Amino acid sequence: MRKLGTSLVLLVALSVPALAGPAKVADIVPQYGTLSLAYSIAFWGIPFGQTNYDGRFTDTGYSARSHFQTSGIVSMFWQAIIDATANGRIAQHRLIPNEYDSYYRRSEEKKEQLKVTFANGDATTFADPPYNMTQWPVTAEQKRDAVDPMSAVTLILAGVKADAANPCGTVAPVFDGRRRYDITFSYMKDEPVKLASGLYNGRAHLCQLHYNQIAGFKPKILKEGKAFPPMYADFADVPGGANGHYVVALKLWSALSWGTVSAELTRLQVGSEASRG
């Protein structure tokens, strides 16, 4: 369950007010500023959690934070709260992370903190409680040019890897302190999307997401010799940001053997401010 929640936070996922109805996102034209998103996460259509993302962008840098929390009947079996932050610099066609901090709570007794510091092309991990980082090692070369999970979300949202042929982007190389993996995107087609919240009604880019393990600690599903189930998302271009537009996931979903898990956008706030270094 924890990995599922963390993945959706991944995927799952600047003076202009929130879109309260079917407003045209093309009317929003900031260059730099803030982006605020929220998603409702459901299993078999039954909500079981919420996650949000808040990012601030300038012409050279970014900072981001997210919050994930289970709710409803699922909380009777699995209680989880995850807060994460990240910051770094924006370069041409890439992000250069500085620091990533994640705090995971299952109860007052079960807490985990993970901090990854990036410097000189390498990444250093601090974990409390500590875990064995030699059993599944990740080399400095494998960490090179990788970003933390929050920066990976920011890389996708900022459209750093997106172009006309790949409107959802191409790849997000991730080092999360324990493992090194790639999230790759395959553009399938454009399709109409209408959100129940009324936040969006128009064309979106349908893409498939692929998880490719590179090194480090293996997720439970891979240790069992299984493959990750297909994951899909509808993305929309929202004007703004350092690259002229954000690439926002409207919906994300995956059909598992025990049911479909999905996340849908419930809040989109975009605001602009003067460029700052």
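Of the 65 residues in the largest nonpolar core, which touch the most other members? The exercises below start from this question and use a predicted model.

**Exercise 1. Find the centre of contacts in the core, and list what one such residue touches.**

Solution.
Step 1. The largest nonpolar core has 65 residues, and F235 and L265 touch the most other members.
Step 2. Take L265 and set aside its neighbours within four places in sequence; its contacts are then L37, A38, Y39, L195, S197, L199, V248, A249 and L250.
Step 3. For background, nonpolar side chains tend to be buried together in soluble globular proteins.
Step 4. For the chain as a whole, 48% of the 277 residues count as buried. The accessible surface is about 13,300 Å², and carbon and sulfur atoms account for 54% of that surface.

**Exercise 2. Decide which cysteines form a disulfide, and describe the link.**

Solution.
Step 1. The test is a pair of cysteine sulfur atoms within 2.5 Å.
Step 2. The sulfur atoms of C168 and C207 are 1.9 Å apart, and the two residues form a disulfide. The count by this rule is 1 disulfide.
Step 3. Locate the two ends: C168 is in the loop between α3 (149-157) and β8 (171-175), while C207 is in strand β10 (residues 201-216). They are 39 residues apart, and the pair links distant parts of the chain.
Step 4. The torsion about the S-S bond of C168 and C207 is about 80 degrees, so the disulfide is right-handed.
Step 5. Both C168 and C207 are buried.

**Exercise 3. Describe helix α3 and its two ends.**

Solution.
Step 1. The chain has 4 helices and 13 strands; α3 is one of these helices, spanning 149-157.
Step 2. Check how covered α3 is: 9 of its 9 residues are buried. They are P149, M150, S151, A152, V153, T154, L155, I156 and L157.
Step 3. Look at the start of α3, where the backbone nitrogen of M150 has a side-chain oxygen of D148 within 3.0 Å.
Step 4. Look just past the other end: G159 takes a positive phi of about 65 degrees.

**Exercise 4. Trace the pairing of strands β3, β4 and β5.**

Solution.
Step 1. Strands β3 (residues 61-70) and β4 (residues 81-91) run antiparallel and are joined by 9 bridges. One of the partnerships is that of H67 with D83 in β4.
Step 2. On to the next pair: β4 and strand β5 (residues 94-105) are also antiparallel, with 11 bridges. Here N87 has E99 in β5 as its bridge partner.
Step 3. The hairpin of β4 and β5 has 2 residues between the strands, and H93 in this hairpin takes a positive phi near 65 degrees.

**Exercise 5. Is D176 buried or exposed, and what surrounds this residue?**

Solution.
Step 1. D176 is placed in the loop between β8 and β9 (179-194).
Step 2. A residue counts as buried under 20% relative accessible area. The value for D176 is 11%, so D176 is buried.
Step 3. List the polar partners of its side chain. A polar atom of the D176 side chain lies 2.9 Å from the backbone nitrogen of R178. The side chains of D176 and R179 are joined by a polar contact of 2.7 Å.
Step 4. Leave out residues up to four places away in sequence: D176 then touches Y100, L114, V116, P149 and Y181. One of these, P149, is among the buried residues of α3.

Key: Residues numbered from 1 in each chain as written. Predicted model: local features only at pLDDT ≥ 70, side-chain atom pairs only at ≥ 80, totals over all residues. Heavy atoms only, no water. Buried < 20%, exposed > 50% of the residue type's maximum accessible area, 1.4 Å probe, protein only. Core = buried A, V, L, I, M, F, W, Y, C linked by side-chain atoms within 4.5 Å. Contact = heavy atoms within 4.5 Å. Areas by Shrake-Rupley, 256 points an atom, 1.4 Å probe, with all protein chains shown as cover. Polar contact = N/O pair within 3.5 Å; in protein donor to acceptor, adjacent residues only side chain to side chain. Pairing = 2+ DSSP bridges.
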